[in-house]
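Me: Please take a close look at one part of this protein for me. I would like the aromatic ring pairs, with their geometry and surroundings.

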Amino acid sequence: MSRFFRDASDSSSSESEEELLSSDDNAPAKPAQTQQKQPMSRFLKTAGDSSSSSSSSSSSDEEESDDGNDTRPAPAARKTMADFRKTANARDGDDSDTDDAPKTVKSAKDKKIEEMQTIGKAVDNAVKIADWVATSNEFEKLAKLVQKPTNVTEPVPPHWLRAIVSIEAALAATKDKDPKKKINANVARAMNGLKQRIKKVAKEYEEPIKKFNEDPEKFEKEYLLALEPPPVAPRQPRPVVDGDTTVADDPDQFTTVGKGGKGVQHTSETIFKDLAQVNENRGKKNTDRVEQVRTLEKLLAVAITTYQRIRVLLALIAARFDYNPAAAHMPRDAWMSVQEELDQLVRLLIREPSYSVDEAVDFEYDEMVERSPETVKTDKEDREDGIVRIRGSIISFVDRLDDEFTRSLQNIDPHGTEYIERLRDEQGLYKAICLAESFFERTSRDDARARVIMRRLEHIYYKPDAVVEALEQILGADAANRPVLSLQSAGNPQGLVHSICILLYKTSNPILRTRAMLCHIYNHALHNDFYTARDMILMSHLQESVHSADVSTQILYNRTIVQVGLCAFRCGLIKESQQILQEIFSTQRVKELLAQGLHQQRYTTLTPEQEKAERTRQMPFHMHINTELAEAAFLVASMLVEIPLLASLDTEEARRKAVSKSFRRLLDHANRQVFNGPPENTRDHIMQASRALQDGEWQKARDLVQSIAIWNLMPESKQVKEMLAKRIQEEGLRTYLFANAPYYNTLSLELLSRIFSLSLRSVTSIVSKMIWNEELAASLDQAAGVVVFHRVEASKLQQLALTLSERVAQLVEQNEKSLDSKLGGNVGWQDRGDGKGGEKRGGEATGGGGERRGTRTGGRGAPRGGRGRGARFAQGLGGQVTGAQATRA
């Protein structure tokens with residue numbers, strides 16, 4: 001017992017006795033007893049004074065470090081009871097302090113302002129020490145915070161403008177410093193990026209920056225005042241019923257409060273006064289547009305007469321369009337409400353022919369007075385026909401409704417379900433357009449009818465027949481309001497498009513006639529009617545006047561040309577397809593020309609206004625033409641034209657003359673590759689097929705071309721693949737004859753038939769055509785069934801003469817092009833005023849696709865500089881379309 005209390009009081013004696021016990025090796029039970037007693041002594045030592053606790057803990061630490069067999073945890077990881085009590089008391093004290101402190105709840109606007117102030121200070125500090133990396137990072141944080149406003153009407157924050165001004169001044173000051181001083185690469189990169197960013201932002205916020213520089217304090221006060229919420233109107237007491245009960249808490253029972261806290265009641269007697277009030281406040285600053293729409297909805301509910309309904313509907317549709325002008329597109333709910341109200345208005349006008357809504361009313365009438373057919377008969381202006389004319393525009397509502405639908409499709413992600421849901425609303429829009437068309441037919445307004453028919457045509461010209469039939473089915477239920485031009489009267493969708501275009505050709509508006517012609521051509525090409533589409537392009541001379549048209553018409557022209565080229569490809573007209581598609585794919589801006597994406601130019605940047613205008617011209621995703629499919633068709637067509645041409649030329653100078661420079665560039669790049677792996681994309685497949693066709697391996701070329709997966713997206717893909725296999729066999733035969741003609745005196749037609757798996761009749765036809773076109777210097781021995789090759793060497797003089805003739809032809813062509821550009825239009829030497837011009841060339845090609853192959857020298861055939869009677873493709877469409885530059889203003 002004495003030893004136990006001695007451990008609790010005297011630390012030195014405890015330490016000495018513990019050392020003796022631990023060093024005793026002959027008494028194994030005593031160390032165990034010591035280990036059991038030691039925690040108790042430590043507890044008592046801890047409960048004692050702090051000095052004894054610290055000394056005992058240090059001594060026990062030394063003892064444990066000396067004892068290697070002790071398995072207890074390290075003392076640094078342990079906490080004494082006193083430390084635990086101290087921590088618990090400190091935590092309790094903190095909790096009590098936080099509980100006693102008053103809590104403040106901040107609004108989102110206050111948090112946003114504090115965050116902008118904090119970032120603004122960080123920007124100022126970084127600018128003072130010239131830390132441009134930190135300045136750029138903090139400025140981007142501030143930009144993200146400012147450019148996502150919670151409210152559309154929120155003014156520009158002064159912290160944002162102060163940061164712009166300070167950074168701009170600091171960047172301007174850095175120009176005056178020593179330019180020879182070297183700057184870190186990261187700092188220079190951040191500084192240059194910040195300069196470009198500040199330049200763009202300063203131009204965008206030019207007017208707010210001017211106001212801020214004039215008086216920053218005043219600008220900040222105005223900003224804070226604008227963020228304050230509007231005062232809440234006092235709540236009216238509930239009306240008492242039977243002296244005891246009150247009206248239930250129904251939101252519809254609340255009374256609208258006007259100026260002075262007086263209740264506003266909307267009735268049919270005050271409807272014109274309320275309309276005048278709404279029209280007066282329309283467009284003013286700080287006008288609550290939501291409240292205006294609600295007021296007009298209430299007015300529509302209390303409207304009794306037809307005149308009142310028409311007036312309220314006209315104001316309500318316009319108010320919905322003005323609801324949020326800063327938004328990218330109109331919300332779907334608001335758009336659906338406008339569509340329903342527009343249908344209601346048009347049906348009302350159809351049902352009441354004595355009322356008319358006109359854009360230009362040539363007399364003034366009192367808008368505060370009720371008007372009816374009986375009252376207008378006494379007026380001097382209207383008593384002739386007795387029709388109540390109301391100032392308004394139905395066609396402008398239809399145009400705006402269609403434009404808002406297009407804008408919504410442009411801004412919605414096309415790969416999500418929202419786009420599909422939004423696209424389903426096109427049925428309602430198409431029905432509204434047809435209803436407006438029926439109204440204009442009954443009122444005999446030709447100009448407005450032509451505009452709305454053009455809108456209708458733009459919704460169906462590019463669609464397959466099944467989709468057009470589904471759209472037209474919604475008109476069958478409303479036979480009374482169905483327009484004259486319908487699917488029932490036309491018979492099929494192609495006939496409907498034809499009837500609509502014929503009607504538009506008779507209008508006096510040249511833009512509508514041009515767009516109707518392009519839509520008509522596009523629809524013919526969609527139905528594989530190539531020759532009709534080609535003749536319509538040539539006869540309309542659109543390629544000559546499209547440069548002076550507006551941008552949307554040029555986009556439609558480019559889309560039509562691509563579709564005609566795809567139509568020629570599907571029909572097996574390879575040369576025509578290559579010539580038509582070359583004008584689009586020779587430029588590296590295919591998506592920009594088709595309005596399917598923005599082209600990022602290397603050395604030029606678009607201003608925000610230009611970029612916004614470009615984005616508004618983009619076609620919705622469901623109207624896109626598959627550019628990969630069109631490029632595959634172009635490259636395959638170029639392969640089938642270029643490979644036989646390369647084999648037919650002898651000199652290197654003649655081989656440089658390419659029909660398709662883009663294809664030749666890709667082929668040269670593929671030929672320069674040391675190792676070619678398996679094809680990974682469409683271009684790789686076509687380039688390897690071209691090399692196989694050059695080597696005479698037409699089976700390999702056929703397999704490579706048919707293995708391209710993009711052909712499955714083309715309608716009638718099986719027929720297209722079969723056509724390509726046949727054309728590759730034929731062009732493989734032509735390439736074989738061109739490449740191996742110098743090595744044969746005679747060649748068996750039956751052998752060619754077996755090599756290329758063609759019938760003897762097809763081989764004979766191909767060889768005869770080559771001889772007739774003077775492409776092959778040979779004759780056909782039908783009795784022996786062989787081709788006899790002739791070798792006529794051209795003299796040096798003949799070669800020089802042919803070269804000179806080609807140079808002169810190029811000079812004449814360049815001269816005509818310069819004359820056309822100087823005179824403006826297509827006036828050439830044949831159209832001179834002296835009447836001595838030569839005969840017009842008609843449909844002869846002037847483009848690259850119609851040029852002759854050039855001089856034929858060597859042992860393969862006689863020199864042929866002329867075209868021969870059977871020159872390929874009268875070059876009607878090829879030359880005309882090739883001459884037209886498919887570019888946009």
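Reply: What follows covers the ring pairs, then the nonpolar cores and a small sheet.

This is a predicted model. The count of aromatic pairs comes to twelve. A pair of aromatic rings is described by the distance of the centres and the angle of the planes.

Start with Trp-335 and Phe-405. Their rings form a tilted pair. The centres are 5.6 Å apart, and the planes make 35 degrees. Trp-335 belongs to helix α15 (residues 332–351), while Phe-405 belongs to helix α17 (residues 394–411), so the pair ties together parts 70 residues apart in sequence. Are these two residues buried or exposed? Trp-335 has 0% relative accessibility, so it counts as buried; the cut-off is under 20%. Phe-405 is also buried, with a relative accessible area of 2%.

Next come Tyr-461 and Tyr-462. This aromatic pair is edge-to-face. Here the distance is 5.3 Å centre to centre, with 80 degrees between the planes. Tyr-461 is buried at 3% relative accessibility. Tyr-462 is buried too, at 10%.

Rings can also join up beyond a single pair. Phe-139, Trp-160 and Tyr-205 are linked into a cluster by ring pairs.

Now the nonpolar cores. In soluble globular proteins, nonpolar side chains tend to be buried together. The largest nonpolar core in this model has 164 residues. Leu-457 and Trp-711 have the most contacts inside it. Helix α31 (residues 627–648) gives the most to this core, namely 15 residues. Another core lies apart from it and has 29 residues, among them Ile-119, Leu-161, Met-191 and Ile-198.

Look at Trp-711 in particular. Leaving out residues up to four places away in sequence, Trp-711 touches several others, including Phe-569, Leu-629, Ala-632, Ala-633 and Val-636. Its partners also include Val-705, Gln-706, Ser-717, Lys-721 and Leu-724.

Last, the sheet. Three strands form an open sheet in the order β7-β9-β8, with antiparallel pairing. The edge strands, β7 (746–748) and β8 (778–781), each pair on one side only. From one strand to the next, the twist averages 25 degrees. Three bridges join β7 to β9 (residues 786–789). Ser-748 stands opposite Val-786 in β9. Helix α38 (residues 760–772) packs on the sheet and touches β8 and β9. The direction of α38 makes about 145 degrees with that of β8.

Terms used. Residues are numbered from 1 along each chain as its sequence is written. Side-chain values use heavy atoms; hydrogens and water are left out. A nonpolar core is a set of buried Ala, Val, Leu, Ile, Met, Phe, Trp, Tyr and Cys residues joined through side-chain atoms within 4.5 Å. Buried means under 20% relative accessible area, exposed over 50%, partly exposed in between (1.4 Å probe, protein chains only). Helices (H or I, at least four residues) and strands (E, at least two) are DSSP runs, numbered from the N terminus. Contact means heavy atoms within 4.5 Å. Two strands pair if DSSP finds at least two bridges between them. Axes are lines fitted to C-alpha atoms, for helices over the stretch in contact, and angles run from 0 to 180 degrees between N-to-C directions. Rings of Phe, Tyr and Trp (its six-membered ring) pair if their centres lie within 6.5 Å; planes under 30 degrees apart count as stacked, over 60 as edge-to-face and the rest as tilted.
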